[in-house]
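Hi,

Here is the structure I promised to pass on. Have a look at it first, and my notes follow underneath.

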Amino acid sequence: MSRCVKAGVSVAALAAVLLAASGSAEAYTVYVTNEKGNSVSVIDTSTLAVTGTWKVGRRPRGVTTSKDGKELFVCASDDDRIDVLDTASGKVVRSLRSGPDPEQFILAPDGNPLYVANEDDSQVTVIDIEKNKILAEVPVGVEPEGMGLSPDGKVLVNTSETTNMAHFIDTKTFQVIDNVLVDARPRFAEFTTDGKFLWVSAEVGGTVSVIDVASRRVVKKISFKIPSVNDEAIQPVGIRITKDGAKAFVALGPANRVAVINTKTYEVEKYLPVGQRVWQLAFTPDQKLLFTTNGTSNDVSVIDVEAGKVVKSSPVGLLPWGVAVSPQ
Amino acid sequence: MRVPSRSLLAVLALSLAGPLGPGPARAQEPGAPPPPQTIETRIGILYRPQPAPASYDAEAVPEDEGVAGARMGIQDNNTTGRFTKQTYALDEVVLAEGGPSAVEAAKGLVGKGVKYLVLALPAAEVLAVSDAVKADGALVFNAAAPDDSLRGAECRQNVFHVVPSRAMQTDALAHFLTFMRWRKLFLIVGPNEGDRLYAEAWKNSARKFALKIQAEKPWTFGPLARARGDTPTRAEAMVFTRGIDYDMAIVADEAGDWGDYVPYKTVDPRPVGGTQGLIATTWHPTLETWGAAQAQNRFRRLAGRLMRPLDYQAWAAIRTVGDAVTAKKTNDAALIGPFLTDPAFSLPAYKGVSLTYRPWDHQLRQPLIVVQPKAVVSVSPEAGYLHQRTPLDTLGIDLPETACKFR
């Protein structure tokens, strides 16, 4: 399905945008996990074309790259492991002991360790990725999923979908230091670049809670209203905040929209139409483009961040779930 | 679930359970004083296990049907409770022939201080138990009885219905038939009272969704679905479907005695639905969206079998108590009961939307899945059905029609 048509973008305009977007910037590589395709789709940002499809373990969901971009980490949820791919060859070169049912993870700022949410097992597993060794298992609520890390790497946040909490974990002691109750089914946790605020989406609650990190209080609850879209279809999942802290993008699931939020006023400025059941988001490192995974329409939408427009959709594999972009 | 407002938190500060959320306590700082006391909540479940099948049965009802779901609910509540200083325990009461009655068993539990009862029992016992424990202030969760009377003329203030009513079940299938434009129905009704009530619900659904019941016939051929596979096809059971102009046969066979016999045996090639064939239900092993896959896995690890609708309903009852106690920070049933119909309460339960209890009859609003034995076919309410409150209220008895006056 072509979302370009829906977004009213002509081929000429697209070319112009791409030129602008790629302009001085380099080409990045985008990796999309296909939950039912058991594969990773690889997209080149200079052409926005899929350049490869790599085989991985079963039910791939969370995905991230190593800091140098040479390795790609993929949660193979149904194989209870994390596959590590060589991004040059696209081959799985090793697997990490992740504990059962890894869903999402986040890499420490210096590249090690990896913090993994074990969805089926109510725990967070901390893995030394060089030694392939489990450093700690932290008990959290039921169905842990979202993983956020403070910019200094000192505070890890996990959200548990059925317990409805954001668990704050000290990355030195691996102890839970606090729990903040949010709305139903929290899916994603994202710190602002200054580390002062944590944004947590609640898929079934239909809201995004903004938590003051120092006091660990919910200071703002953002809700969404889209004309002609049923409130129950508005299910916030993925959140990304720009490095300058000005704008937040929130994927709204079966509402098939990405909300653009002014982080000063917490007002939703725009709802961008994307593919169906949009869940996860990832910026290119230059923050010019934002990629979205659209599970039901089996494609990714590409958003021009500056213009606030959807510029392209690219078909990927079956049930795209997660997305990561190479650092270079 | 919503976080209570700051003022409410202040009011409840005495019962605040420690390091939770936006509350003032920060008990886990190093050297902090010990956390406040734990809230312990006991929940009883009363059920009557199905007798073991007489001979080999490919899909025998497991003995722990329902109670296994309740155990998972308790486990989930306790995982959450670790962070909120709450614990939950399940009192399982198996009703056996010659043993105490449901009322006696329920009174026994309430006498021990249990204020929440989950019943996997028929309507008459649900009613008897709820009346018997009313004076004790106990809340009853009906996990198994679909009778609309329990949500209508016989509704009770202290009863909450997790299991969908027959009206919700037939409305959910009617949504799908309307969507498919299969408007002409042939209703086949079994000999039991439940079958008659189920057929009655279909007649209401047909009126509501402009479907036409072309013919209604009683099933008089006995429990043929329980007959052995090498039993010859009974010719008269096929012939009685002859000469009727219909799109779909609807079987009303709540006991599962003969409904599964009908598919592929109608004279005209027609799909079969109702209590067998294409059914509307709360849960199915093939449901995996909205996080259901995690619940399926968790259940299978716990119980060593697939999760069934009654397991899901018992789980949802226990989670209702857990989520409400977490939100209110008390397990006082006198406060929890009214809170369940408060707009601030909702239960996430793997259905894509939060579930709520209807204030007018205490029925849990929920999407129902329309399934055939091996696959989810659709989800009701179908897209496009509108309602001034929520599309979920297009399923079952709505506020203007309710006969419920709480006692």
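What is the sign of phi at B:K329, the residue that follows α9(B)? It is positive, near 60°.

Before the rest, some housekeeping. This is a predicted model, where local features need pLDDT of at least 70, side-chain atom pairs count only at pLDDT 80 or more, and totals for chains, interfaces and linings use all residues. Residues are numbered from 1 along each chain as its sequence is written, while chains are lettered from A and ligands numbered from 1 in the order in which they are written.

Staying with chain B for a moment: helix α9 covers residues 309–328 (helices are DSSP runs of H or I, at least four residues, and strands are runs of E, at least two, numbered from the N terminus). Its 20 residues should span 28 Å at 1.5 Å a residue, and the end C-alpha atoms are 28 Å apart, so the two agree. That expected span is 1.5 Å times one less than the number of residues. The helix is mostly covered, with 19 of the 20 residues of α9(B) buried. Buried means that 20 or more other C-beta atoms, placed from the backbone, lie within 10 Å of the residue's own.

Now chain A. It has 2 helices and 28 strands. Its radius of gyration is 18 Å, close to the 20 Å that the globule rule gives for 328 residues, so chain A is as compact as a globular protein of that length. (The radius is taken over C-alpha atoms; the rule is 2.2 Å times the number of residues to the power 0.38.) Its C-alpha trace spans about 55 × 45 × 35 Å along the principal axes, and 56% of the 328 residues count as buried.

One sheet to look at in chain A is an open, antiparallel one of 4 strands, in the order β8-β9-β10-β11. Its edge strands, β8 (102–107) and β11 (133–139), each pair on one side only. Pairing here takes at least two DSSP bridges between strands. β8(A) and β9(A) (residues 114–118) share 5 bridges, and A:I106 has A:Y115 in β9(A) as its bridge partner.

Finally, where the chains meet, 25 residues of chain A and 21 residues of chain B take part in the contact, which is counted when C-beta atoms, placed from the backbone, lie within 7 Å. On the chain A side, β15 (176–181) and β19 (217–223) are the elements that give two or more residues, and β15(A) gives the most, with 5 residues.

Cheers

Definitions and conventions
A residue is buried if 20 or more other C-beta atoms lie within 10 Å of its own, exposed if 12 or fewer, and partly exposed in between; C-beta atoms are placed from the backbone. Two residues are in contact if their C-beta atoms, placed from the backbone, lie within 7 Å.
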